[in-house]
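Let us read one protein together, feature by feature. The sequence and model come next.

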Amino acid sequence: MRYMMFVVVDPAAAAEAEPSENDLTTDEWVADVDGRGKRIMGEVLRPVSDATTVRVSRGQVLVTDGPFTESKEWIAGFDILECEDLDEAIAIAARHPMANGGKLELRPFWTGED
């Protein structure tokens with residue numbers, strides 16, 4: 001099953017995270033997950049100051065600068081994972097460097113069986 005993993009950060013909370021001996025660098029995490037064939041792709045996103053939100057209301061297109069929500073947290077990147085099940089996706093996410101001080105949101109892709 002494929003999962004979209006959003007890397008969610010709050011710069012203030014990340015600064016308070018306490019490192020542990022088992023922490024991986026992002027490059028180490030990518031090499032490990034890529035080496036096991038579990039990561040389809042991933043990218044770092046530009047900051048929220050570069051975001052544009054588009055919506056339609058009563059037939060009118062409304063475009064605003066910034067992310068879709070007012071929040072201290074923002075999506076900093078994403079990875080698409082191919083995993084056997086949610087447990088495997090959780091194990092992979094838990095080893096990501098941003099799990100300490102940030103959050104990783106996992107969402108399964110819709111399948112034809114859904």
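The dialogue below goes from the fold to the surface to one pocket.

Q: What kind of model is this, and how are residues numbered?
A: The model is predicted, so local features need pLDDT of at least 70 and side-chain atom pairs count only at pLDDT 80 or more, while totals for chains, interfaces and linings use all residues. Residues are numbered from 1 along each chain as its sequence is written, and side-chain values use heavy atoms, with hydrogens and water left out.

Q: How many helices and strands are there?
A: Helices (H or I, at least four residues) and strands (E, at least two) are DSSP runs, numbered from the N terminus. This protein has three helices and six strands. Their order from the N terminus is β-α-α-β-β-β-β-α-β.

Q: What share of the residues is buried?
A: Buried means under 20% relative accessible area (1.4 Å probe, protein chains only). Here 27% of the 114 residues count as buried.

Q: What span does the C-alpha trace have?
A: Along its principal axes, about 50 × 40 × 20 Å.

Q: Which residues are closest to the centre of the second largest pocket?
A: A pocket is an open set of 1 Å grid points where a 1.4 Å probe fits, with protein on both sides within 12 Å along at least five of seven lines; lining residues have an atom within 4 Å of a point. The second largest pocket has a volume of about 200 Å³, the space filled by probe spheres set on the points. Of its 14 lining residues, Thr26, Glu43, Val44, Asp79 and His96 are closest to the centre.

Q: Which elements give two or more residues to that lining?
A: Helix H2 (26-35), strand E2 (39-44) and strand E5 (74-82) do.

How values were computed:
Buried < 20%, exposed > 50% of the residue type's maximum accessible area, 1.4 Å probe, protein only.
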